[in-house]
Every structure is written in C-alpha cells, then in structure tokens.
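Student: I have a model open and a list of descriptive terms. Can we test each term against its value?

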Amino acid sequence: MKYLIAGLGNMDQAYFGTRHNIGFDVADRLAEKLCVPFSSATLAHVAQAQYKGRKLMIIKPTTYMNLSGKAVKHWLQKENIPQENLFVILDDLNLPFGKIRIRPNGSDGGHNGLKDIQGCLGNHQYARLRVGIGSQFPQGRQVDFVLGSWTENESKSIPEITETAANAALSFCFAGLQNTMNQFNAWPGPKSI
C-alpha cells in the first residue's frame, strides 16, 4: 500500500515560518517523526518512509503554492498511487487558529493550491487536512496576513499543531480516513491558546 502526503507551501526562504507554509511545516514534522530526509526531485522535495507496512511518499512541491497540482499529479502517476491514498495538508483562513479539519473531498474554498490540484486531477475527490490560521486581519489585508509570520503567541502552539497534524497523516495511512476524521476533527486545538 502506497500513500502520497502532500504538504503545501512556497519553497522560497521568505515564506518559511509564515501562515501559508504550515503544510510544509507539517510535512517536515512527519519526516522528522519517521527519521527520513527530504531530497530534491522532480517538482518537489521528497521523503520516502515505511510505516506499519505502508510506503509513504511525503512531498513539498517546489512549484509554488498556486501550481501545487502539477507536483501532486506527477507523483501520483510516477509512484502509481491511487487518488484515494492522497492526503493534502494546507492552511485555512476559515478555521480558527490551531483547529484542524479533515474532509474526504470538497471545494477549494478559495485556496489556490487546492484549486490547482483540482484542475490538474480533474476532480476534488481527495482527502485534505486544513490547519486553521484564523482571520484576524483588517479588511483588504488578507494577503499580508496569510503570507505573514506567526505572532509570538501563535508560535508557541505551532509544535503541538504540527505534531497533531502529522499524527493525523499517519492515522490516515494506517487507520483510514473515517477513523482519522472521527479522532482528529474532535481535537480541541493546542493547549497554549
């Protein structure tokens, strides 16, 4: 059984530690937990791991967020991974900071990374984990907020959030989508909020 875990973000250093890159942060934590390094490959940085008899391909697309679908489609096809074994991790403005929400499918919700994946795959039938980044920004400043760094207070919670989301990705691969949704959608959020 093979799985593709795709954390979404932007590869330029200017984006590291920003809200929009939380998908990369979760992918990094997952690779760390599994003791596997990322290496540069076609359209993505890739880490490969074995977990409870499953083969996991963890990718961080190097295509920029808005072209994430190109990398996701490439690695699904290259590794012959069925779409139902795809798990995408991304930021979400519509969720309170620190909440995670796992869904089996759905609209892109205005997220350009998901929009591109849907365009490249031709459908939205794939599991995704959204990490809430909140929406505390003045009108017209959404882009600045999304591409901005975490506040000092938020930063304290990031390790717990990335750990929980990484555990959810492992659960998806081993326990299945429904069990993972039941367990992790009920998570109340980080203790330090």
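Tutor: Yes. Keep in mind that this is a predicted model. Start with Glu-79, which has a relative accessible area of 10%.

Student: Why is Glu-79 called buried?

Tutor: Buried means under 20% relative accessible area. Glu-79 has 10%, so Glu-79 is buried.

Student: Where does Glu-79 lie, and what is it in contact with?

Tutor: Glu-79 lies in the loop between α2 (68-78) and β5 (86-92). Leaving aside neighbours within four places in sequence, Glu-79 is in contact with Lys-2, Lys-55 and Met-57.

Student: What about Leu-121: buried or exposed?

Tutor: The relative accessible area of Leu-121 is 17%. The cut-off is under 20%, so Leu-121 is buried. This residue is found in helix α3. Beyond four places in sequence, Leu-121 is in contact with Lys-73, Leu-76, Gln-83, Leu-86 and Tyr-126.

Student: How far apart are Leu-121 and Lys-73, in sequence and in space?

Tutor: They are 48 residues apart in sequence. C-alpha to C-alpha, they are 6.6 Å apart in space.

Student: What makes α2 oblique to α3?

Tutor: α2 and α3 (residues 112-121) pack at an angle of about 45°, with axes 7 Å apart. Under 35 degrees would be roughly parallel, and roughly perpendicular runs from 65 to 115. About 45° falls in neither range, so α2 is oblique to α3. The crossing is right-handed.

Student: Which residues of α2 and α3 meet?

Tutor: Ser-68, Gly-69, Lys-70, Val-72, Lys-73 and Leu-76 in α2 meet Gly-113, Asp-116, Ile-117, Cys-120 and Leu-121 in α3. By class, that contact has five nonpolar, three polar and three charged residues.

Student: Why are α1 and α5 called roughly perpendicular?

Tutor: Helix α1 (residues 22-33) and helix α5 (residues 152-175) pack at about 70°, with their axes 8 Å apart. The range for roughly perpendicular is 65 to 115 degrees, so α1 and α5 qualify. α1 passes α5 in a right-handed crossing. Among the residues making the contact are Ile-22 and Leu-30 of α1 and Ala-166 and Leu-170 of α5. The contact of α1 with α5 has eight nonpolar, two polar and four charged residues.

Student: Now the sheet. Why do β2 and β6 count as edges?

Tutor: The sheet is open, with seven strands in the order β2-β3-β4-β1-β5-β7-β6 and mixed pairing. β2 (39-41) and β6 each have a single partner strand, so one side of each has no neighbour in the sheet. Neighbouring strands are turned by 25° against each other on average, direction ignored.

Student: How do you know that β7 pairs with β5 and with β6?

Tutor: Two strands pair if there are at least two bridges between them. β5 and β7 have six, in the parallel sense, so they pair. Strand β6 (residues 100-103) and β7 have four, in the antiparallel sense, so they pair as well. Arg-128 in β7 is the bridge partner of Val-88. Arg-103 also stands opposite Arg-128.

Student: What makes β7 largely enclosed?

Tutor: Six of the six residues of β7 (residues 127-132) are buried, so the strand is largely enclosed by the rest of the structure. Ala-127, Leu-129 and Val-131 point one way, and Arg-128, Arg-130 and Gly-132 point the other way.

Student: Which helices lie across β7?

Tutor: α3 lies across β5 and β7. Helix α6 (residues 177-184) lies across β6 and β7.

Definitions and conventions: Residues are numbered from 1 along each chain as its sequence is written. This is a predicted model: local features need pLDDT of at least 70, side-chain atom pairs count only at pLDDT 80 or more; totals for chains, interfaces and linings use all residues. Side-chain values use heavy atoms; hydrogens and water are left out. Helices (H or I, at least four residues) and strands (E, at least two) are DSSP runs, numbered from the N terminus. Buried means under 20% relative accessible area, exposed over 50%, partly exposed in between (1.4 Å probe, protein chains only). Contact means heavy atoms within 4.5 Å. Axes are lines fitted to C-alpha atoms, for helices over the stretch in contact, and angles run from 0 to 180 degrees between N-to-C directions. Angles under 35 degrees count as roughly parallel, over 145 as roughly antiparallel, 65 to 115 as roughly perpendicular and the rest as oblique. A crossing is left-handed if the near helix is turned anticlockwise from the far one by less than a right angle, and right-handed if clockwise. Ala, Val, Leu, Ile, Met, Phe, Trp, Tyr, Cys and Pro count as nonpolar, Asp, Glu, Lys and Arg as charged, and the others, Gly among them, as polar.
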